Amino acid sequence: MYYNFGINKILEIIKIISGTEKQQFSLDDQEVLQKYNTYLEKNSVFDTPITWGDIKIIDLNELKTIALDFYTNKHKFFKENSPIVQQKIQSGSFHTALSELRLDNIKLYNLSKFIIRTILINQLREYTNGTTVETIGLANFDFKDNFNNEDFKELLVHQLTHMILFLDNANNKHVIDNCEETMLEVGLRYKLGGTMFPAYICFHSYLVAVEVLSHRRHLNNIDIATNCHGSTMRILTMSNHFGSAINNNLNLFTDYGRTIIAKGMSIISEITKEFNLQ
């Protein structure tokens, strides 16, 4: 949501979530970071104090040391990493990708480093729910053997979008109460079966598309096709499906949620016209 909300709005969200009394602060403010860490320790899956500064990159075995209950409940969905992925973890390849993101967009990098405290790099055996309100701060990357640094950076943007939306939703509801699970016809395959998606997943998925496309636009890299998200036209097609489903069911969303949707649709329209993506 860096591109949709802008950094100032996100700092307001952090201010509310962390409970800081500071009127102004930056993302390198250690006092505010500690308050945010405390929020995660109380509300997310972490069951040990978050004492590290930079993003921690781990595999499933290391997950036990910081989120044992989550590991116990979810380990069956994961498999052993391939030698290719395990070697990338051990060689520091993913830290190199983070350094590249810092060069690409330092504000986005600093925001990612603040919000995402740990990245779990572990291949899945079967689909689990991904990022949820209970896993804020813990990004789970099902990193395939053919994925590269561009995939890593886009997955980071993807996961960051979910987390900021969950943090924002804690105080400003996006979907009307009891409508989050209302199923909407999208016309795309849902991983749990069928072509209907819960309203809140439609909302999140649409905005993930907005953020990934905005990131490519920022990098002047609109022609890229990553392994994880595919081509820009593929993302645009999927966003149109989710956007149509949302537009047909705007009554399920709060006034505030509709303003976020409208901004996202405006960004998609701008990108479509700017790059002649028809």
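What covers the buried residues of α11? The first close-up below takes up that point, and every view shows a predicted model.

**Figure 1. Helix α11 and its surroundings.** Let's start with the helix itself: α11 runs over residues 232–247, which gives it 16 residues. From first C-alpha to last, α11 reaches 22 Å, close to the 22 Å expected at 1.5 Å a residue. Its buried residues are Thr232, Ile235, Leu236, Ser239, Phe242, Gly243, Ala245 and Ile246. The cover over these buried residues includes two helices, α10 (199–218) and α12 (255–274), along with β4 (183–185), β5 (196–198) and β7 (230–231).

**Figure 2. The largest pocket, with a volume of about 1,400 Å³.** Of the 39 residues in its lining, Tyr127, His158, His162, Lys191 and Ser205 are the closest to the centre of the pocket. Two or more lining residues come from each of β3 (138–141), α9, β5, α10 and α11. Helix α10 gives the largest share, seven residues. If you like to think in residue classes, the lining of this largest pocket divides into 20 nonpolar, 13 polar and six charged residues.

**Figure 3. The second largest pocket, holding about 320 Å³ of space.** Here 16 residues form the lining, and Val133, Phe166, Asn169, Glu180 and Tyr200 lie nearest the centre. Helices α9 and α10 each supply at least two residues of this lining. By class, the lining of the second largest pocket has eight nonpolar, four polar and four charged residues.

**Figure 4. The cavity lined by residues of α9 and α10, among others.** The structure holds one cavity of 30 Å³ or more, and the volume of this largest cavity is about 30 Å³. Around it you will find Glu150, Glu154, His215, Arg216, Leu219, Asn221 and Ile224. The elements that give two or more residues to this lining are α9 (149–169) and α10. Three residues of the cavity lining are charged, two are polar and two are nonpolar.

**Figure 5. A salt bridge between α9 and α10.** Glu154 and Arg216 form this salt bridge, with their closest N and O atoms 2.7 Å apart. Because Glu154 lies in helix α9 and Arg216 in helix α10, the pair ties together parts that are 62 residues apart in sequence. Both partners are buried: Glu154 has a relative accessibility of 4%, and Arg216 has a relative accessible area of 1%. Glu154 and Arg216 also appear in the lining of the largest cavity.

**Figure 6. A salt bridge within α9 and the network around it.** The side chains of Glu150 and Lys153 meet in a salt bridge at 3.1 Å, N to O. These two residues of helix α9 are three residues apart, about one turn of the helix. An α-helix has 3.6 residues a turn, so residues three or four places apart point the same way. Glu150 counts as partly exposed, at 28% relative accessibility, whereas Lys153 counts as buried, at 4%. Glu150 and Lys153 are linked with Glu100 and Asp104 in a network of salt bridges.

**Figure 7. The salt bridge of Asp29 with Lys22.** One more pair to look at: the closest N and O atoms of Asp29 and Lys22 are 2.7 Å apart. Asp29 is buried, with a relative accessible area of 14%, while Lys22 is partly exposed at 27% relative accessibility. The structure holds 10 salt bridges.

Definitions and conventions. Residues are numbered from 1 along each chain as its sequence is written. This is a predicted model: local features need pLDDT of at least 70, side-chain atom pairs count only at pLDDT 80 or more; totals for chains, interfaces and linings use all residues. Side-chain values use heavy atoms; hydrogens and water are left out. Helices (H or I, at least four residues) and strands (E, at least two) are DSSP runs, numbered from the N terminus. The expected span of a helix is 1.5 Å times one less than its number of residues. Buried means under 20% relative accessible area, exposed over 50%, partly exposed in between (1.4 Å probe, protein chains only). Contact means heavy atoms within 4.5 Å. On a 1 Å grid over the protein atoms alone, a cavity is a set of points where a 1.4 Å probe fits but cannot get out, and a pocket is an open set with protein on both sides within 12 Å along at least five of seven lines; lining residues have an atom within 4 Å of a point. Grid points are joined across faces, edges and corners, and a volume is the space filled by probe spheres set on the points. Ala, Val, Leu, Ile, Met, Phe, Trp, Tyr, Cys and Pro count as nonpolar, Asp, Glu, Lys and Arg as charged, and the others, Gly among them, as polar. A salt bridge is a side-chain nitrogen of Lys or Arg within 4 Å of a carboxyl oxygen of Asp or Glu.
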